[in-house]
Amino acid sequence: MTQRVPVTLTVNGTEFRREVEPRLLLSDFLRHEIRLSGTHVGCEHGVCGACTIRLEGAPVRSCLIFAVQADGMSIATVEGLAPARGQLSVLQQAFQDAHGLQCGYCTPGILMTMSAFLEENPTPSEDEVRHALSGNLCRCTGYQHIVDAVLLAARRLRESV
Amino acid sequence: MMDAPRETRQIGRPLTRNEDPRLLTGRALFVDDVELPRMLHAAFLRSPHAHAEILSIDVSAVKARPGVVAVITAEDLGEYWQPGPLLVPPPPIAGMTFRQRCQVPLAKGVVRHLGEPIVMVVAESRYVAEDAVGDIVLEFATRPVLGDLEAAIVPGAPRVHEDLPDNIAAEVVQRKGDYAAARAGAAHIIRRRFWYDHGASMAMETRGIVADWDVKSDRLTVWDTTQAPVVIRNGLAAMLGLSERQVRVIAPFIGGGFGPKMMMFYPEEVLIPWIALRLERPVKWIEDRLEHFVATTHERGQLHDAELALDGNGRILGVRDEFLMDTGAYNPYGLTVPLNSQCTLLNCYDIPAYESRFRAVYTNRTLVTPYRGAGRQHGIFVMERLMDAAARELGLDRVEIRRRNLIPPDAFPYRNEIIYQDFAPLTYDSGNYGPILDAALDAIGHAGFATEKAKAKAEGRHLGLGVVCYVEGTGIGPYEGAKVRVQTSGKVTLATGIGTQGQGHFTAFAQVVAEQLGLDARDVEVTTGDTDQFDWGVGTFASRGAVVAGAATHGAAVEVRKKVLKAAAEHFECAEEDLVLDGGRVSIAGIPERHITLGALAQKANPLRGAVKPGTEPGLEATSYFGPEMGATAAGVHAMVIEVDAETLRPAILRYVVVHDCGTVLNPLILAGQIQGGVAQGIGNAFFEELTWSEDGQLLNASLADYLLPTALDVPRMELRHTVTPSPLNPLGTKGAGEGGAIPVGALYAQAIEDALDLPARGIEITEIPLSPSRLWEIVHGHD
């Protein structure tokens, strides 16, 4: 498997060109090729959701697709969420305020899943948040503070419009 | 001098966490984020059998694969191949048997559990390393697999360790009072058999190690997902023949610990630094999830035969218990788990007589070491189930029988006499259990529940109530330390030797420092888990971080406060009593315009010219250590209302209440998170998670798609309440809170489900955990 093929991905607005093996996972491309290691890998079989990124806007598990499959596409990762260095997005700030993370390992995937969810549903109920969250595993928090954080972010986002 | 804690109330504030911005923006360093030039990657060939003789290992094809740098078997390790070390020696208990057999770096001759490493491959990339593992050709002769505990102790059973006479790893008998006499005088004897299986901790981050031998500085740096970096540093230095100065172990941000990352030494922790040193190149190994299921330690099952002796009023006269515990293929963690079970079984009750015998049994399964709760839930399940059965036999309400037996508040310190995991006689330092029970009953709506249940029943719905008590031995020794320093910037640093895995140490410890030094907790920079910053200590386990390292932090901050006030008094030429320390500066009481900042004082305390008085220490810095004489005992009650679907037997939690007493609360926001997370793991243990093994020892559900962790739909919103009974054993009055949330949940599920389906009236009791809808169906319909 030494064959390498060129890929071009736009990640958080920056274009990256690399030559990679066709079997290279997108998660490994992000973490180890372009060194955006904020995206975490929890299970490598698409269950835990820790590696969720946004591919052309849609939340996608980066451990379940190859980098070459994302050739030419636009990707958003946790590193691109904050409006500027030293600042937090509304969603990130809500996670801090509501204590929505402990070890923080699953957090990037949850932020990416929830950022897409809140764009789709700006006025979610608790039940809707829990359903949207149910594809992301967290072993530390028991989810309650994550749910609180997402509801808090939704409220703040509505109020800021 | 003004009373320090009154100037700035930092302790007890629900402060949001200092560490969160880094974690939320992808800027926190986890082990797999370490990238070094020339770094190699390791992968392991692991045993596909639970028990087998290795007949041959052929690695010739591996060596021919491009990109492979090294292939290592047990033979290649030479003198470095050593079992162990024994991490926790057994406490001195008279008459005990303890037969130590520790894990080895790479299997030699025999494999004793699934996932035991046999060959290490190091290559230019992880992909190549994993390809190369597939090139290895092994021949095995499989051996009988020991999995069932009772089968493993039958005389003549095949043995996990052939050099031992049988599969008994340990046998311990402990007694309090005279159980035989208690039994002879009892009006009621309740006797039951219980099975309690605890699963795998499944931290979202698997284990991982990066080791880098820097030739020119003659130093080894190791990034390790460990809960005990100092112990790893010391052990590695000894094993590798290096001085401790030459080894730096960093436990950076860790993606969840829960106990198994306290295990030492994992084979990979022994091997990766060794090969990095040999190759003089950095080497990384990151465990995958499949490996994690079989190569990272579990907790697993215990089989209890227990009896409760009571008088005619439902007062406990004594308890007798005998249990078998699965310890896995090796026992480096000694007796921590079974001793926790044995001791915690006594729970919050005044029990005059206790006789308990356990045998730890070797099996061909992954090693058992503590996982959140660490055997405590097994003991609590046995005791709480016995209490429920006793209540029925005596015609008492289950709450009433518990209330009658609570240790009264004037009986503390309460001595249970038997030896605990910290080697000290089990003593509850402080407690007031009645108000905890009252608060839980109030919060769950106990008074109105009978009506609620009857009303639901009329609608064809099945509601059940559960109320369960627990204690949690926390904050054990031996000790931890902390170093506090005021920087010339005015910010303060704190370093401690424990690692952190999400417990909020960067914030809670900052609050402890800020409380003494009168500054914003945001201005306290906390370092944990870096042996170059602080290298005395033991680790983060047994709900002890906040208690033991917290107390050491407090001690160091108190000392620095004294230095600050002394320096300021000299500066102002006034008495220390006239000074106020607040807002990052010291001022004269009543004259706030006369002030000096902490940073300026730190500058003055580290002069570059001139003379200082004899005996002067530079800077505003202090190091302090704290070692409690014994653990602090937290307590609580969980209550829930559950609805069980009579057709599918799927339960839904309608209300969940936790009332917890862990003494002084450092940060209620962080505490709430600890409790909620614990309950979630308890729910997983009670109803979702079960390691399922085949007859030949294969783990049948070794993926997160098959081993079900609770999701956001499975964990209910919880109502938390607290009572505060400070511990007299440490200056802050804290008790640990890391495990309490997880401990009583199995017993709670069993009781609430029995209640919802009125099982006891049908002669059915739930005596096992974990449950599932299908297992519940078997229990309810009489299939075993």
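**Close-up views of a predicted model**

**View 1. H3(A) meets H5(A).** In this predicted model, the axes of helix H3 (residues 107-120) and H5(A), both in chain A, come within 11 Å and cross at roughly 40°. That angle is over the 35 degrees that would still count as roughly parallel, so H3(A) ends up oblique to H5(A). The crossing of this pair is right-handed. From H3(A), the contact takes Ile110(A), Met114(A) and Leu118(A). H5(A) answers with Ile146(A), Val150(A), Ala153(A), Ala154(A) and Leu157(A). It's a greasy-side-chain affair on paper: eight nonpolar residues, no polar and no charged. As for the spacing along a helix, an α-helix has 3.6 residues a turn, so residues three or four places apart point the same way.

**View 2. H2(A) meets H5(A).** Stay with H5 (residues 144-160) of chain A and swap the partner for helix H2 (residues 90-97) of chain A: here the axes come within 8 Å and cross at roughly 135°. That makes H2(A) oblique to H5(A) as well. Again the crossing is right-handed. On the H2(A) side, look for Val90(A), Leu91(A), Ala94(A), Phe95(A) and Asp97(A). On the H5(A) side, you'll find Ala149(A), Leu152(A), Ala153(A), Arg156(A) and Leu157(A). The tally for this contact is eight nonpolar, no polar and two charged. Ala153(A) and Leu157(A) touch H2(A) and are also part of the contact with H3(A).

**View 3. H11(B), a helix on the inside.** Over in chain B, helix H11 (residues 376-394) runs for 19 residues and reaches 27 Å from its first C-alpha to its last, close to the 27 Å expected at 1.5 Å a residue. Of those 19 residues, 15 are buried, so H11(B) is largely enclosed by the rest of the structure. Right after the helix comes Gly395(B), with a positive phi near 70°.

**View 4. Where chain B touches chain A.** Here 42 residues of chain B are in contact with 42 residues of chain A. On the chain B side, helix H2 (20-24) and helix H18 (668-688) each supply at least two residues. H18(B) gives the largest share of that side, seven residues. Sorted by type, the chain B residues touching chain A come out as 22 nonpolar, 12 polar and eight charged.

Conventions. Residues numbered from 1 in each chain as written. Chains lettered and ligands numbered in written order. Predicted model: local features only at pLDDT ≥ 70, side-chain atom pairs only at ≥ 80, totals over all residues. Contact = placed C-beta atoms within 7 Å. Helix = DSSP H or I, 4+ residues; strand = E, 2+ residues; numbered from the N terminus. Nonpolar A, V, L, I, M, F, W, Y, C, P; charged D, E, K, R; others polar. Axes fitted to C-alpha atoms, helices over the stretch in contact; angles between N-to-C directions. Parallel < 35°, antiparallel > 145°, perpendicular 65-115°, else oblique. Left-handed = near helix turned anticlockwise from the far one by under 90°. Expected span 1.5 Å × (residues − 1). Buried ≥ 20, exposed ≤ 12 C-beta atoms within 10 Å, placed from the backbone.
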